[in-house]
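Me: I'm new to this one and would like a close look at a single part of it. Could you walk me through it slowly?
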Amino acid sequence: MTSIEWDEKTFTKFAYLSDPRTRKNLVAYVLTKANLESNKYENTIVIENLEDGSRKFIEDASMPRISPDGKKIAFMRFNEEKKTAQIWVADLKTLSAKKVLEAKNIRSIEWNQDSRRLLAVGFKRREDEDFIFEDDVPAWFDNMGFFDGEKTTFWVIDTEGEEVIEQFEKPRFSSGIWHGDSIVVSVPHRDVIPRYFKYWDIYLWKDGEEEKLFEKVSFYAIDSDGERILLYGKPEKKYVSEHDKIYIYDGEVKGILDDIDREVAQAKIRNGKVYFTLFEEGSVNLYLWDGEVREIAKGKHWIMGFDADERLIYLKETATRPAELYLWDGEERQLTDYNGLIFKKLKTFEPRHFRFKSIDLELDGWYIKPEIKEGEKAPVIVFVHGGPKGMYGYYFKYEMQLMASKGYYIVYVNPRGSNGYSEDFALRVLERTGLEDFQDILNGIEEFLRLEPQADRERIGITGISYGGYMTNWALTQSDLFKAGISENGISYWLTSYAFSDIGLWFDKEVIGDNPLENENYRKLSPLFYAKNVKAPLLLIHSLEDYRCPLDQSLMFYHVLKDLGKEVYIAIFKKGAHGHSIRGSPRHRMKRYKLFMEFFERKLKKYEEGFDVEKILKEEKK
């Protein structure tokens with residue numbers, strides 16, 4: 001069988017599954033393919049009948065929602081010409097469809113139990129053609145742009161009469177779910193400076209009347225089975241970085257996972273049973289609670305999404321395979337294999353797990369060994385995850401497989417501050433970012449080098465995005481171990497991050513410390529002020545529309561390093577938010593992968609001076 005090689009375009013060969021939904025004997029999900037020619041992602045809703053095995057398809061559609069009676073499906077389409085979102089409803093027998101709502105922005109849709117009404121949640125802005133006006137903070141938000149007086153809008157749609165029968169507005173970042181014939185609305189609690197994602201007010205809204213259920217709590221409503229409301233978060237948080245748990249509200253709040261010191265990723269309630277996923281030591285596992293916690297899918301994988309009705313379905317991803325759809329009815333059964341034939345032709349590399357001691361903790365690390373001849377040595381790339389409350393482990397990361405196929409060792413660890421462990425472990429990095437957590441990374445590298453004598457200590461590169469970009473900047477200012485770095489959408493100066501970032505007014509004050517204008521941490525923990533220490537060549541990659549770690553962070557570092565005569569380069573992608581590495585357009589992603597490969601190739605293998613991007617672009621056009 002002809003083999004396929006890893007390169008900057010290989011990602012377009014994969015099928016990506018998302019948003020699984022099930023009702024009765026039906027399953028629906030979104031199948032996405034990246035098209036380089038059109039430079040678009042092509043989304044198709046796939047509807048499978050689990051009884052007869054038949055399939056139906058709805059092209060150019062996303063957000064599938066099967067009605068409770070199993071007769072209809074609602075979905076969303078984006079109108080490119082009008083730049084509007086449209087909600088459609090189709091008969092599941094014929095797939096004949098009609099449009100029931102068109103609005104500028106829609107974030108969610110949900111059926112009422114009557115299988116007739118839809119709740120749509122979106123937002124409205126002033127949309128003046130000449131200026132933006134704001135009297136709230138932040139003025140912008142990543143992947144959302146400038147708020148411009150944004151209000152969350154709720155529409156109740158009669159899909160039979162094709163009319164909006166109720167409509168109301170709440171402050172931005174509000175959310176809503178059906179609870180019987182009422183709507184549970186979670187609204188960010190108003191302080192002088194709103195602490196989004198920390199405090200909420202929760203209301204029960206019906207026919208224009210509302211009842212306040214909770215005020216200034218640290219959880220919000222995420223699901224309901226008509227009798228009980230499922231709450232996500234905590235009754236009260238001191239830190240946003242604390243672990244989120246789940247609670248059932250049926251007149252009183254009941255914690256169902258109080259004894260499990262791990263963070264919940266997703267959760268749903270069905271007839272009093274709660275299905276949920278947990279971050280656990282590099283895995284994301286799926287459980288059921290029906291009075292006690294029961295394992296459903298636990299192992300070396302990430303559960304990327306799930307749904308439950310008469311059956312339980314979930315998307316499972318591993319370190320060597322993108323997500324496929326599975327069904328659980330007492331035992332696991334794989335339903336899809338979209339990528340199976342591709343991976344028969346494409347070599348993948350299984351990570352090796354190791355444990356190591358760092359200061360006062362035992363930590364998890366992994367490495368991937370490339371194909372290497374006996375007696376030879378190979379260069380190393382160290383990856384650092386985002387966060388700091390991110391987590392590495394058993395999921396499919398394209399860049400790792402790509403670079404392993406090119407002959408690099410890949411090393412990654414979960415330093416203190418990572419998710420998947422105790423809450424105390426997650427909070428240890430607060431106000432100490434770059435200190436013990438960086439030492440954890442260094443200690444993990446030392447243990448890896450002890451385990452793999454063929455790894456070349458003299459050719460170690462480091463890379464990461466967001467917090468990983470910050471740590472790459474930090475590493476090159478604090479250690480001579482690294483011979484090259486690629487920092488993506490990272491932080492170089494915490495003070496301007498606090499003032500400029502969409503979440504800086506609360507997140508940076510938690511991670512770095514209060515009183516930013518006076519707190520020495522904002523200088524002490526910023527790579528910018530140690531720029532003179534940098535010896536290794538550095539490539540900074542940033543996206544212009546990143547409001548989480550804005551462009552100033554890389555641009556400042558670039559200018560200062562240049563002024564000091566250091567070898568540094570910057571690639572600024574003209575579009576793309578903070579998550580541009582996986583959500584950028586197909587050609588955007590392809591060029592980023594190419595830059596990534598070529599920079600490490602020239603600095604860790606060929607030892608070349610300079611970085612001729614013109615040559616790379618010419619090669620790409622051939």
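Which residues in H5 are buried?

Reply: Happy to, and keep in mind that this is a predicted model. In H5, the buried residues are Tyr467, Gly468, Gly469, Tyr470, Met471, Thr472, Asn473, Trp474, Ala475, Leu476 and Thr477. That makes 11 of its 12 residues, so the helix is mostly covered, given that buried means under 20% relative accessible area.

H5 runs over residues 467–478, and its length checks out too: at 1.5 Å a residue it should span 16 Å, and its end C-alpha atoms are indeed 16 Å apart.

What touches this helix? One way in is Phe482. Setting aside residues up to four places away in sequence, Phe482 touches Ala475 and Leu476 of the helix, and its other contacts include Val382, Phe438, Leu442, Ile445, Ile460, Ile462 and Ala536.

Phe482 also leads to a bigger picture. The largest nonpolar core has 98 residues, and Phe482 is among those with the most contacts inside it, along with Val382, Met403, Ile410, Phe448 and Phe600. Helix H11 (residues 586–605) gives this core its largest share, eight residues. Both domain 1 (102–342) and domain 2 (351–619) supply at least three residues each to this core. As a general habit, nonpolar side chains in soluble globular proteins tend to be buried together. Another core lies apart from that one; it has 16 residues, including Ala103, Ile109, Trp111 and Ala120.

Burial isn't just for nonpolar residues, though. Glu242 sits in the loop between strand E19 (229–234) and strand E20 (245–249), and with a relative accessible area of 7% it counts as buried. Its side chain makes a polar contact with the side chain of Lys234, at 3.1 Å. Beyond its neighbours within four places in sequence, Glu242 is in contact with residues including Lys389, Glu423 and Leu427.

For contrast, take Asp424, which lies in helix H3 (residues 423–427). Asp424 is partly exposed, at 47% relative accessible area. An unreviewed UniProt entry carries a "binding site" annotation that covers Asp424.

One last thing to look for is the backbone. Most peptide bonds are trans, but a cis one joins Gly387 and Pro388, with omega about 15°. Pro388 is in the loop between strand E32 (378–384) and helix H2 (398–405). A cis bond also joins Val137 and Pro138, where omega is about -5°.

Conventions:
Residues numbered from 1 in each chain as written. Predicted model: local features only at pLDDT ≥ 70, side-chain atom pairs only at ≥ 80, totals over all residues. Heavy atoms only, no water. UniProt positions renumbered as here; feature names shortened; annotations may be inferred. Helix = DSSP H or I, 4+ residues; strand = E, 2+ residues; numbered from the N terminus. Buried < 20%, exposed > 50% of the residue type's maximum accessible area, 1.4 Å probe, protein only. Core = buried A, V, L, I, M, F, W, Y, C linked by side-chain atoms within 4.5 Å. Domains from an automatic or database assignment. Contact = heavy atoms within 4.5 Å. Expected span 1.5 Å × (residues − 1). Polar contact = N/O pair within 3.5 Å; in protein donor to acceptor, adjacent residues only side chain to side chain.
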